[in-house]
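Trainee: I would like to go through this model and test the labels. For each one, please set the value against its cut-off.

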Amino acid sequence: MTALSSSLCISPTKPSCPQQQSTILTVKPTIKSPLKHNPLYTVADQTLTHQMKEKILCLELMGIDSGKALSLNPSLRSASLQSIESVLHFLQSKGIYPQDLPRILGMCPKILTSDIRTELNPVFVFLSAALNVPESEFRRVIKKCPRLLSCSVEDQLKPALFYLQRLGFNDLEALAYQDPVLLVSSVEHTLIPKLRFLESKGFSRSEAIGMILRCPALFTFSVENNFVPKLEYFVSEMGGKLEDLKGFPQYFTFSLEKRIRPRHLEAAERGIDLPLPLMLKSTDDEFKQLLIITKPSPSSSPSHS
């Protein structure tokens with residue numbers, strides 16, 4: 001039997017006690033057929049090395065799409081099994097459970113070939129030193145945003161945190177546990193352009209910043225696919241005013257086709273003028289009830305917020 005039962009093949013069970021949370025990867029049960037007879041092995045290109053086939057099989061057994069992983073991270077082809085195993089050991093030593101790894105590594109296969117000392121460990125140091133995340137909460141943060149582990153602390157995470165804090169994001173706990181995706185967003189290509197877009201539509205800089213502080217998700221939305229169509233509908237179809245969006249930037253978090261447009265049209269057909277938050281935040285049943293109990297607006301113009 002070859003090294004099919006390599007420690008790359010992780011156990012899916014959760015550590016049973018705190019002392020076992022950093023338990024090293026355990027061996028998979030022995031597979032009845034030899035590695036060379038396993039379907040995942042035999043379908044591989046015959047020119048692949050034995051070690052490469054073993055890596056493919058182990059990735060699949062971990063629940064990771066090996067084709068996607070190799071495509072997104074070509075370095076996996078030349079990485080040794082020992083180096084990949086070391087990465088998995090390290091992640092578990094930081095409190096990441098074995099059952100978390102397939103999702104984390106499936107989303108960011110680059111992690112599998114990252115340097116532990118210069119790339120991975122600095123991320124955990126950053127979480128602890130810059131965001132006050134205790135070691136017991138590393139797992140929670142990484143599960144929320146696996147991309148943290150594929151980012152450079154010096155080139156990405158620190159600049160993003162500095163920019164966000166300058167804008168007024170001073171709640172480190174919220175950044176760590178609710179909005180860590182902001183830390184992996186490019187300041188130059190993502191954060192600044194979205195702030196400037198809001199300013200270009202008539203909001204002052206302080207107003208635009210205030211909207212983002214109230215609804216950090218604005219920094220995660222596409223300008224072309226979210227901001228533009230929703231803003232156009234709000235102004236041209238709903239007759240809305242920018243003042244309304246300053247007070248309720250969460251408007252952009254709702255689906256235009258599934259929530260905003262149908263609810264606006266239904267209220268407008270009945271001549272009902274509902275406040276924007278009430279119209280969008282209410283459940284379907286609550287919205288129907290609102291349509292029944294709300295008196296039509298004296299104005300005959302289409303409803304707006």
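Mentor: Start with the whole chain. The protein chain has 16 helices and 0 strands. The model is predicted. Of its 305 residues, 43% count as buried.

Trainee: What makes a residue count as buried here?

Mentor: Its relative accessible area must be under 20%. Exposed means over 50%, and partly exposed lies in between.

Trainee: What share of the contacts between residues at least 6 apart in sequence join residues at least 24 apart?

Mentor: In the protein chain, 66% of those contacts do.

Trainee: Now the helices. How do you know that the length of α2 agrees with its number of residues?

Mentor: Helix α2 covers residues 50-61, which is 12 residues. At 1.5 Å a residue, the expected span is 16 Å. The end C-alpha atoms are 16 Å apart, so the two agree.

Trainee: Which residues of α2 are buried?

Mentor: They are M52, K53, E54, K55, I56, L57, C58 and L59. Just after α2, G63 takes a positive phi of about 95 degrees.

Trainee: Why are α2 and α4 called roughly parallel?

Mentor: They pack at an angle of about 25 degrees, with their axes 11 Å apart. Angles under 35 degrees count as roughly parallel, so α2 is roughly parallel to α4. In the contact, Q51, E54 and K55 in α2 meet L81, Q82 and I84 in α4. These residues divide into 2 nonpolar, 2 polar and 2 charged.

Trainee: What makes α4 and α6 roughly parallel?

Mentor: Helix α4 spans residues 81-93 and helix α6 spans residues 116-131. Their angle is about 20 degrees, and their axes are 12 Å apart. The cut-off is again under 35 degrees, so α4 and α6 are roughly parallel to each other. Their crossing is right-handed.

Trainee: Which residues meet there?

Mentor: From α4 come S86, V87, F90 and L91. From α6 come I116, L120, N121 and F124. By class, this contact has 6 nonpolar, 2 polar and no charged residues.

Trainee: Take S86 from that list. Why is S86 called partly exposed?

Mentor: S86 is in helix α4. Its relative accessible area is 35%. Partly exposed runs between 20% and 50%, so S86 is partly exposed. The C-alpha atoms of S86 and L112 are separated by 9.1 Å, with the two positions 26 residues apart along the chain.

Trainee: Next, Y97. How do you know whether Y97 is buried or exposed?

Mentor: Y97 is found in the loop between α4 and α5 (101-107). Its relative accessibility is 8%. Buried means under 20%, so Y97 counts as buried. The C-alpha atoms of Y97 and R139 are separated by 7.8 Å, although the residues are 42 apart along the chain.

Trainee: And N132, on what grounds is N132 buried or exposed?

Mentor: N132 sits in the loop between α6 and α7 (138-144). At 55% relative accessibility, N132 is over the 50% cut-off. N132 therefore counts as exposed.

Trainee: What is said about the phi of N132?

Mentor: Phi of N132 is near 60 degrees. That is a positive value in a residue other than glycine.

Trainee: Where is Q250, and what does Q250 touch?

Mentor: Q250 lies in the loop between α13 (242-247) and α14 (256-269). Q250 touches R214 and C215, not counting residues up to four places away in sequence. The C-alpha atoms of Q250 and M211, 39 residues apart along the chain, are separated by 8.6 Å.

Trainee: What makes Q250 partly exposed?

Mentor: Its relative accessibility is 23%. Buried needs under 20%, and exposed needs over 50%. Q250 therefore counts as partly exposed.

Trainee: One more pair. Why are α14 and α16 called roughly parallel?

Mentor: α14 and helix α16 (residues 284-293) pack at an angle of about 15 degrees, with their axes 11 Å apart. The angle is under 35 degrees, so α14 and α16 are roughly parallel to each other. The crossing of α14 and α16 is right-handed.

Trainee: Which residues of α14 and α16 meet?

Mentor: R263, E266 and A267 in α14 meet D284, F287 and L291 in α16. By class, the contact has 3 nonpolar, no polar and 3 charged residues.

Methods:
Residues numbered from 1 in each chain as written. Predicted model: local features only at pLDDT ≥ 70, side-chain atom pairs only at ≥ 80, totals over all residues. Heavy atoms only, no water. Axes fitted to C-alpha atoms, helices over the stretch in contact; angles between N-to-C directions. Helix = DSSP H or I, 4+ residues; strand = E, 2+ residues; numbered from the N terminus. Parallel < 35°, antiparallel > 145°, perpendicular 65-115°, else oblique. Left-handed = near helix turned anticlockwise from the far one by under 90°. Contact = heavy atoms within 4.5 Å. Nonpolar A, V, L, I, M, F, W, Y, C, P; charged D, E, K, R; others polar. Expected span 1.5 Å × (residues − 1). Buried < 20%, exposed > 50% of the residue type's maximum accessible area, 1.4 Å probe, protein only.
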